[in-house]
Structure formats: structure tokens, C-alpha cells
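Work through the exercises below with the sequence and the structure side by side, and try each task before you read its solution.

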Amino acid sequence: MRPTFSIILFTVLSGAGYGLLFLCGLGMAIDGLPANDSAPLLVGGLLVSVGLMASVGHLGKPMRAWRAFSQWRSSWLSREGIAALATYVPLVVLLSLWFPCRGNCVWLSLRIPACLLLAAGCVVTVFCTANIYACLKPIRAWNNAYTLPLYLLLGLYSGAMLLLTLDWPPVHSGAYDARMQWLWLATAIIIAPSCALLKWRYWQWLDTRAVTPDAGSATGLDRIGSVQSFEQPHTEENYLTHEMGFVLARKHSRRLRRIAFWLILLAPLAVFALGWLIGWPAAWLALALGMTGIFVERWLFFAEAKHAVMAYYGR
């Protein structure tokens, strides 16, 4: 399929934002509020908001986007929108704790419930986002067991990288406490090879002949013999062939796969190890390399997908 920039931006930024907010929610529920730092919550909320706005830009009539919320019984897209809006509620509650009344405000009694609801809302939203693609049976590159865990793991990984780069929490009760930092670093180190290896297994599965739709598998007539079209449906490109007929050369695909694999696996971990010694510059470089790897992975996720409808056009 044609890799639309707005959808790639949406999935990358919102995934990173929800991963960051998920870790913030867990961290504050376990270890309390950071003394004077709400930056991770603000950055996470900003990334999520920009990502959601980018997704609206892909619609033909963005002013009608509100209608998507009415189909929650059957549409994962509608469920994702509802979950995304609901996640803003605990986020606003937690951000309010940094107002001057935070020392004696009634909001403090809602801290732990809000943290847990924020973490749960992030998981549910990313779960719904992944199922938007995983439920599409005509696109076998998405309709498989790899799509959902990869969305969740990559979101958690990018969130851990962001949290480490922001160097949060820097202060606890007037003294530096690195417990949570070590936890986020361990999260990144554990999840990085999991993401890279699972994605590599996905690419190996994608390269098998079983995932390439043809006229026989699309019509269900392959059981009785070879099926082929004897005449093209039309001579000019239409909407389906424009959106669903994007073709990526195999040599470019393999090169981009290697770039994404090594950036996700090695670059952030190596530079973070150095960044732990020399400070922020290396951490920001690690974040840039890691997010580049995720962006390339997400571009390939769309570019390598083949819709079964293209079998009708003999492709």
C-alpha cells in the first residue's frame, strides 16, 4: 500500500507518546510524583495530540471525523478514538497536581487511581490502533500474530527512550534517586532485541509465498486450478490501484530492513551506554537514531503490505 506520511507520523508519534505516558503512570504510581518536573507528561500529551491530528489529515473530509465515534460496536478505529479521548482525563488530573495547590489539594487523593487509569488507557489505545490493521483480512501482511505485539513493544521502547532522554525523575525529596532511571534503562535494553528479532521474524514470514495474494487465493478458486485474468479491467490508474498498488523494489526493501533492524537494536543501546557517562548529548543522539529506525520500520509496514484487491488487476 502507499505509505502515507500522515499515517506514519500518527503511528510513530502516538505510539511514542502513549509509551511515555504509560511509563510515567507506572513510575508515579510506584515511586510518587517527581518534585518539580511535569515535562514527561507534557511531552507525552503533546506527541499524542500531534499524532492524532496527523491522522485526521489523512481523511478525505476531516470535518466529518466526529462520525467515527459512532461505530464503536464494530470499528476498531472508533474504539481507538474513544480510548484516546478517555486517556486525556487521567492525564489532565495528573498535570493538575503541579498547580500551587498540589500540597493540600483534594486531587492528591486521586494520584494513584489516575496513574493506573493513564497506564491502562495507553495500553487500550495502542491495542485498538494495532487492531485497526490486524483485523483487515484482505491484507495478510497486517492480519497476522505479529502486528499487535510489535505495536505494543515499539511504543513501550520509544517511550523508554524518551523517558531516559528527558532524564526523569531527576529529584526525589531533595536528593537524586536513580532507581527509576535504571528501571527505564533496563526496559529499553530488554525490549530492543525483542522488537528487532520479532520484526525480523515478521519479515521472514512476509517473504514466504503464503502471504502473497493472487487471483486464486483472492477468489477462493485456487483449489480447482490456476486462476488468471484474460483481460485487464481498465487501462488507466484509479483510486484502488493508486492507494493499494504501491510497489517497493526488493533491493530497497532489504536495505531499509537492515537499517531499521540495526537502528532499533544497537544504536540506541550503544549510545545510551555512553550517554550514561557523558550526559545528554549522547542520549539525544540515541533517541534520534532509535526514532529513525522506528520511522523506517513503520514506512515498511505500509509499503510492503499487499491488498488482495490487486489480484483483480493482475499484480
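**Exercise 1.** Which residues touch the most other members of the largest nonpolar core?

*Solution.* Keep in mind from the start that this is a predicted model. The largest nonpolar core has 70 residues, and within this core Trp142 and Tyr157 touch the most other members. Next, ask where the core residues come from: α1, α2, α3, α4, α5, α6, α9 and α11 each supply at least two of them, and α1 gives the most, with 12 residues. Finally, turn to Trp142 itself, which, if residues up to four places away in sequence are not counted, touches Met1, Tyr133, Ala134, Leu136, Thr147, Phe301, Phe302 and Ala305.

**Exercise 2.** Describe the protein as a whole, beginning with its helices and strands.

*Solution.* Begin by counting the elements, which gives 11 helices and zero strands. Then consider burial, where 48% of the 315 residues count as buried. Among contacts with a separation of 6 or more, 79% are accounted for by residues 24 or more positions apart. The last step concerns the surface, since the protein exposes about 16200 Å², of which carbon and sulfur atoms supply 67%.

**Exercise 3.** Find Phe69, and explain why Phe69 counts as partly exposed.

*Solution.* First locate Phe69 in the loop between α2 and α3. Its relative accessibility is 33%, and because partly exposed covers the range between under 20% (buried) and over 50% (exposed), Phe69 counts as partly exposed. To finish, place Phe69 among its partners: together with Trp72, Ile82 and Leu85, Phe69 makes a nonpolar surface patch of about 380 Å².

Terms used. Residues are numbered from 1 along each chain as its sequence is written. This is a predicted model: local features need pLDDT of at least 70, side-chain atom pairs count only at pLDDT 80 or more; totals for chains, interfaces and linings use all residues. Side-chain values use heavy atoms; hydrogens and water are left out. Helices (H or I, at least four residues) and strands (E, at least two) are DSSP runs, numbered from the N terminus. Buried means under 20% relative accessible area, exposed over 50%, partly exposed in between (1.4 Å probe, protein chains only). Contact means heavy atoms within 4.5 Å. Accessible areas come from the Shrake-Rupley method with a 1.4 Å probe; for residues, only the protein chains shown count as cover. A nonpolar core is a set of buried Ala, Val, Leu, Ile, Met, Phe, Trp, Tyr and Cys residues joined through side-chain atoms within 4.5 Å. Patches are made of residues with over 30% relative accessible area and no salt bridge: like charges are joined within 9 Å, nonpolar side chains (Val, Leu, Ile, Met, Phe, Trp, Tyr) within 5 Å. A salt bridge is a side-chain nitrogen of Lys or Arg within 4 Å of a carboxyl oxygen of Asp or Glu.
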